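Visitor: Could you take me in for a close look at one single part of this protein? I'd like to know which of its residues are tucked away and what they sit against.

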Amino acid sequence: MKSPKFKWYIYFGFGVLFLFFFYYRELIAYGLNAGFGQAKILLFAQKNQVALNSKKWSSEEKRKIKLIQDVKIFAVNELGLIDNGNYESIYDQQGKPLVWVVTACKPYAFEEKKWHFPFVGNLSYKGFFNWQDANHESINLKKQGWETGIGKVSGWSTLGWFKDPILSSMLSKEDGNLAALIIHEMVHGTIYLGNNVEFSENIADFIGNKGAQLYFKSKKLKHSEKEFNSTLQADLFMNSYYLSWKDSLNHIYKTSPPSQLESQKRNTIRNIYQGIFKLPISKERKAKELRNAKWLYLEGNDFLMSYVRYGNLQDSLENVYRHTFNNNINRFIEVIKTQQH
């Protein structure tokens with residue numbers, strides 16, 4: 001027969017569990033939904049070799065599956081990135097978006113909303129496999145005074161927890177952007193930098209771009225190399241453009257009277273948009289940027305924070321890469337690995 005004291009231990013234990021699940025109910029519900037979404041992808045993903053032997057995929061799609069496999073081998077053997085068993089299968093999205101990411105920023109300061117996740121740390125974005133859930137999160141944040149954005153995701157890394165498949169949407173990318181994306185995500189699976197999202201994403205972008213350039217050069221794919229370099233230069237140019245305006249807005253937020261903040265912010269956003277017409281970029285790229293920049297009027301600071309998150313450190317990293325590491329990508333990556341915590 002159990003003693004009364006032992007029973008109290010049981011009651012106490014159940015009470016602690018109840019409080020734990022009640023306090024973390026939203027996080028637990030989110031984790032379950034994310035787990036189901038990830039499980040669905042893994043369950044219905046098709047092995048690459050099966051896809052390559054199937055009539056379901058076009059010859060161009062099969063070529064890009066092979067390209068991903070080759071880029072992965074290059075990233076492991078030549079860049080020293082970890083092979084986590086990713087990209088050995090492919091998931092058919094059937095032309096539909098798969099994941100939406102919610103981000104948020106204060107309206108008059110470049111301070112991001114951070115979400116805390118166990119085992120991962122603080123992240124400045126939150127992913128959803130359901131658009132309604134993402135929109136619900138965005139609406140709640142707006143009620144709290146945040147500026148928010150919802151973006152579609154073309155790829156992500158589960159940091160080695162699962163075997164990430166190729167997503168069919170990746171196959172619509174140009175060769176250069178596809179190679180850079182694969183290496184970017186492999187960097188995340190190799191180098192974990194804790195709560196420092198900005199540094200992590202900037203590093204992954206930098207190594208992804210450098211790695212793609214080195215891949216095409218090593219394979220003597222001059223057309224792909226030239227095409228990617230052209231796209232990359234345009235990306236970096238636009239990155240600098242938006243970051244310069246971010247600094248201008250930041251000055252306004254810190255020096256203007258509260259009564260003038262909104263009007264000055266709106267005037268600056270209008271100038272950012274109109275300034276794109278005068279930029280020395282191709283007509284095709286200009287049209288793309290104008291479509292993209294329309295979100296400035298709705299998302300404001302959150303729109304510009306995406307350039308901080310992925311591009312704020314690119315010039316500094318390039319300087320270090322050239323002058324400290326003498327353009328040696330392997331030494332660069334090895335040193336970055338030592339910064340993990």
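Guide: Let's zoom in on one helix, with a quick word on the whole chain beforehand. Keep in mind that this is a predicted model, where local features need pLDDT of at least 70, side-chain atom pairs count only at pLDDT 80 or more, and totals for chains, interfaces and linings use all residues. Residues are numbered from 1 along each chain as its sequence is written, and side-chain values use heavy atoms, with hydrogens and water left out.

The protein chain carries 14 helices and 8 strands; helices (H or I, at least four residues) and strands (E, at least two) are DSSP runs, numbered from the N terminus. Out of its 341 residues, 44% count as buried, meaning under 20% relative accessible area, with exposed being over 50% and partly exposed in between (1.4 Å probe, protein chains only).

Now for helix α10, which covers residues 283–293: here R285, K286, E289, L290 and A293 are buried. Looking down the axis of α10, you'd find these buried residues within an arc of 135°, so they line one face of the helix; the arc is that of the directions from the helix axis to the C-beta atoms. There's a general rule to recall here: an α-helix has 3.6 residues a turn, so residues three or four places apart point the same way. Flip to the other side of α10 and you meet K283, E284 and R291, which are exposed.

And what do the buried residues of α10 sit against? They pack against α8 (222–255), α9 (258–275), α11 (296–299) and α12 (301–311), where contact means heavy atoms within 4.5 Å.
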